[in-house]
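Here are a few quick notes from going through the model, in case they help before you set anything up. I stuck to two topics, helix packing and internal space.

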Amino acid sequence: MILDKFRLDGKVAIVTGSNTGLGQGICRAYAEAGAKVVGVSRRPSTETAEMLGENFYNVIADLSDLKVVPSIIAQAVEKFGRVDILVNNAGIIKRCDSIDFTEEDWDSVLDVNLKTVFFLSQAVARRFLQQKSGGKIINIASMLSYQGGIRVPSYAASKSAVKGITMTLCNEWAKYGINVNAIAPGYMATNNTEQLRADGERSGDILARIPAGRWGQPEDLQGAAVFLASAASDYVNGFTLAVDGGWLAR
C-alpha cells in the first residue's frame with residue numbers, strides 16, 4: 001500500500017534544533033510516523049520530551065563547536081541502536097546592515113548554518129556506510145537559498161550554500177543509497193522571524209506577497225519532512241523543496 005511507504009517504523013532520526021519551532025514540529029511528525037527521535041538542542045527540549053515520551057531522547061550540545069559531532073552520533077546509537085535519518089534544522093540569524101556587519105557575526109552564522117551541517121552530515125553518512133543501510137539526510141534551507149534578502153548577508157550566504165551542498169552530497173552519496181535533500185521553508189512563525197512579525201509594515205509587505213495570505217506554521221513543514229525521510233522519496237535526491245505558501249511563485 002502506498003501509505004505504508006510514508007511510515008517510519010523502526011527508523012531512528014536525529015533532528016537538530018529540537019526544542020522549539022520547526023525542529024519540534026518535525027520531531028513530532030517523525031514520532032507520529034513511527035520513528036524514534038534524537039533531538040539535539042543547546043538547551044533542554046523539555047516540551048518536546050513531554051510531547052513524545054519514550055520515543056524521544058534529548059542530546060544537549062552546542063552546534064557551534066564541531067567537537068560535539070561524534071558524541072551526538074554515539075549517544076543516538078547507544079540509545080536506539082542505529083541512525084537512519086538526519087535533519088539539519090538548527091540555525092541562527094544575525095540582522096544588520098551589510099555595511100556594518102562584523103566578522104564575528106559572519107563567522108557565528110556560517111559555523112552553525114553551514115560548517116556544522118556539512119560535518120554532521122559527513123559523520124552520519126559514515127554511520128550509514130558502517131550500517132550498510134543507506135539513509136536520509138534533510139537540510140533545512142530557506143527562501144534565501146533563492147533570494148538575497150535584506151540585512152542578513154551571512155544568513156543568505158549560508159542558506160544559498162546549504163542548497164549547493166545538498167546537491168553536491170547527492171552527487172557523491174546517492175550510489176550508497178543515501179538521499180540528501182533540503183526543505184526551504186517560507187516565512188514561518190518561529191523565533192527567527194519574531195522581529196519581522198513584530199514590524200507591522202514589514203510583516204504586511206511579506207503577507208501581501210504570500211498567495212496563501214498567512215505566515216506558515218511548524219505543522220506546515222511536517223508532510224514534506226516525513227516524505228523526504230520515508231521510502232516514498234527513495235528516487236528524490238539533491239532537490240530543495242519549497243514549502244512557502246506560494247512565495248516563490250510571485
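1. Let's start with a helix pair. In this predicted model, the axes of helix α3 (residues 69-80) and α4 approach within 9 Å and cross at roughly 40°. Angles under 35 degrees would count as roughly parallel, so α3 is oblique to α4. As for handedness, α3 and α4 cross in the right-handed sense.

2. Who actually makes the contact between α3 and α4? From α3 you get V69, I73 and V77, while α4 puts in F119, L120, A123, V124 and R127. By residue class, this contact comes out as seven nonpolar and one charged, with no polar residues.

3. On to the empty space. How many cavities of 30 Å³ or more does the structure hold? Just one, and the volume of the largest cavity is about 50 Å³.

4. If you want to look at the walls, select T16, L63, N88, N89, A90, V112, T116, V117 and L120, which line the largest cavity. That lining splits into five nonpolar and four polar residues, with no charged ones.

5. Which element gives the most to that lining? Helix α4 (residues 103-131) does, with four residues. One residue to click on is L120: it appears in the lining of the largest cavity and also on the α4 side of the contact with α3.

Technical notes
Residues are numbered from 1 along each chain as its sequence is written. This is a predicted model: local features need pLDDT of at least 70, side-chain atom pairs count only at pLDDT 80 or more; totals for chains, interfaces and linings use all residues. Side-chain values use heavy atoms; hydrogens and water are left out. On a 1 Å grid over the protein atoms alone, a cavity is a set of points where a 1.4 Å probe fits but cannot get out, and a pocket is an open set with protein on both sides within 12 Å along at least five of seven lines; lining residues have an atom within 4 Å of a point. Grid points are joined across faces, edges and corners, and a volume is the space filled by probe spheres set on the points. Helices (H or I, at least four residues) and strands (E, at least two) are DSSP runs, numbered from the N terminus. Ala, Val, Leu, Ile, Met, Phe, Trp, Tyr, Cys and Pro count as nonpolar, Asp, Glu, Lys and Arg as charged, and the others, Gly among them, as polar. Axes are lines fitted to C-alpha atoms, for helices over the stretch in contact, and angles run from 0 to 180 degrees between N-to-C directions. Angles under 35 degrees count as roughly parallel, over 145 as roughly antiparallel, 65 to 115 as roughly perpendicular and the rest as oblique. A crossing is left-handed if the near helix is turned anticlockwise from the far one by less than a right angle, and right-handed if clockwise. Contact means heavy atoms within 4.5 Å.
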